[in-house]
Amino acid sequence: MTSLEIRNLALAAIALAVAACLPLYGSDYLKSMGITVAMFTVLATSWALFSGPTHYISLATAAFFGVGTYTTGLGFETLPFWSLIAIAGVLGAVLAALVGLATLRLSGVYFVIFTLGLAELVRQVITWTQNMSGQKGLYVLTDLTEDQLYLMLVGLAALVYLTGWLIGRSRLGFALRIIGDDETVAAHSGINTATAKVLLFMVSGSVAAMTGAILAPRYVYIEPALAFAPILSFQVVIMALLGGVHRLWGPIVGVIPFTLIWETISVSFPSQVTLFLGIAFLVIVYFIPNGFVGLIEKARDWARKREGFA
Amino acid sequence: MDIMIIGLLLGGTYALIALGLNLQYGVARIMNLANGEMLVAGGFTAFWFYTAGQISPLLTIFIVAPVAFALNWLIYRIMLEPLVKRAKTRGQLEVDSILATFGLSFVAVGLMLAAFGGDYFNYSFLAKPVTIMGDTYAQNRVAAFVAAVIICAVLYGWLNWSRSGLSIRALSVSPESARLVGINTRSLSAVAFALGGAVTATGGALVSSFLTLDASAGIAFTLKALIIVIMGGVGDIRGTIIAALLLGVVETLVASLIDPGLTLAAAYTLFILILLFRPQGLFGRRPT
């Protein structure tokens, strides 16, 4: 390990420790923000693991998340909670594999369109089955506290970062970067591009489903319209892009400010959230295409150049 | 039988909407995800003219179309052309235009929510029965269908036999070669995009005469139009029309035989089948 890697590892460990101790020192407001930030960190980082290198924009987060919440909702009375998280992870991976096999062999547009409607598709099917069986929503009553849910999310976040770091160093990560640069070149140099993309998409889908499973008790009552709210997918995309998807630590740089602004706007101007979401998209595309991380790196390069000339 | 006809009537208006998107994606190469909002805006205008002045939506389209054309032309020139210039590859342009038009779509929904509120809106235009082959249908659906057929026919004729229409098709088939034969690709792309927006807005004005819309209804129409375009083949007018009719019939079948809540699921099933078995579109040739 180089000294730079050791430094980064130490920084990551400190950040994780500070995050994990939040229940000890945080106020109620901080704790409630903490759980939202942790949730979006996990979702946005796992989203960027797939979409960052490949440039495939996935809007399926809400679908995977909803599948996770429903796993907990249907099984929490009979099975231990930890096993539900694992089951949700497996279901998310299976769903991602199915979607990936159908669409990732083709161009990016097909994938975007398909994922855009996936949450709605699953929602319609679940609503329909509920109508057939005459059941409405589900109550998820557990004795888990907010602090426990928060710690589970932080644990999951640590897992996501570890996975991302390992993938980045593996042959798979290298293959994905080549695919993102030029898919034809990747295919010619013997990379099975479809398999690589599907595998990574499965990681991302599985993590989103686990997040949903962990957060289900927080909602207490779940119904299809709530569990599969499509806006979640868009929030995740914006946060990840705002932070920057070409670095593992990028998304969290976008998650924290965006969550704060989002909370403020949805409290004071609840009818303007859609407008705000749209403006955020436009700002990212036109002004900060590489996210905050891109800006930071640009500033650092500029500072270095100045030093060089001085 | 009556299900088939209702489905075809619905499919006719879908064809118009999807043709608009196909012009934008097939010719101007912009995957416009704000397409559905243009439709809702067209519907809003028709609603407003009808309730304020009793003006028939069939006349409103003559106002909606030029305004939408101008608006879309400006959108392309101001917002999308910089992205076209910036993009190094087609893939980069696709990602950028998807994000930018998503932004536009949300901004449009936000503005419409602020201006008109979140209520559903509908009005009763020609809500009288008409008998076709022994069954009765609402006159407004039939009128919308006839109008859609006329517009599709005019558009088809224009694209196939006029000089400007042929240049648009040349641009769609091969942008590089189109430049070589002296076609101004940049200004023609803007025209194609604007025309697509105008066609979609017209479709919206027609749809509003028999469907209930609200400010956030656009995205469902965008999805359907996208599915139709991909089913029919990008840049293929004939394929788009047939795919739209097919989707209209399948949706109506599912809604009346199984459950009205499953229409999107039905559209998606069609979409998956196409992706798995004919990803080049219904009539497209398999690339070699």
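**Chains A and B: the core and the interface**

Let me begin with one residue, Phe258(A), which, once its neighbours within four places in sequence are set aside, is in contact with Ile238(A), Met239(A), Leu242(A), Phe276(A), Leu277(A) and Ala280(A). I should say at once that what you have in front of you is a predicted model. Phe258(A) belongs to the largest nonpolar core, a set of 178 residues, and it is named there together with Phe201(A) and Phe102(B) as having the most contacts inside that core. A second core, separate from that one, has five residues, among them Met38(B), Val64(B), Ala68(B) and Ala198(B).

Let me turn now to the place where the chains meet. The contact draws 34 residues from chain A and 38 residues from chain B. The size of an interface is often given as the accessible area lost when the parts come together. For chain B and chain A that buried area is about 3200 Å², and 80% of it lies on carbon and sulfur atoms.

Looking at the side of chain B that touches chain A, the elements that give two or more residues to it are α3 (57-86), α4 (90-116), α9 (218-232) and α11 (263-277) of chain B. Of these, α4(B) supplies the largest share, with 15 residues. Sorted by class, this side of chain B has 30 nonpolar residues, alongside four polar and four charged ones.

Which kinds of pairing, then, are counted between chain B and chain A? There are seven residue pairs in polar contact, with both residues at pLDDT 80 or more, while the rule for salt bridges finds zero across this interface.

Methods: Residues are numbered from 1 along each chain as its sequence is written. Chains are lettered from A and ligands numbered from 1 in the order in which they are written. This is a predicted model: local features need pLDDT of at least 70, side-chain atom pairs count only at pLDDT 80 or more; totals for chains, interfaces and linings use all residues. Side-chain values use heavy atoms; hydrogens and water are left out. Contact means heavy atoms within 4.5 Å. Buried area is the accessible area (1.4 Å probe) that two parts lose on being put together, summed over both. A salt bridge is a side-chain nitrogen of Lys or Arg within 4 Å of a carboxyl oxygen of Asp or Glu. A polar contact is a pair of N or O atoms within 3.5 Å; within protein, one must be able to donate a hydrogen and the other to accept it, and residues adjacent in sequence count only if both atoms are side-chain atoms. Helices (H or I, at least four residues) and strands (E, at least two) are DSSP runs, numbered from the N terminus. Ala, Val, Leu, Ile, Met, Phe, Trp, Tyr, Cys and Pro count as nonpolar, Asp, Glu, Lys and Arg as charged, and the others, Gly among them, as polar. A nonpolar core is a set of buried Ala, Val, Leu, Ile, Met, Phe, Trp, Tyr and Cys residues joined through side-chain atoms within 4.5 Å. Buried means under 20% relative accessible area, exposed over 50%, partly exposed in between (1.4 Å probe, protein chains only).
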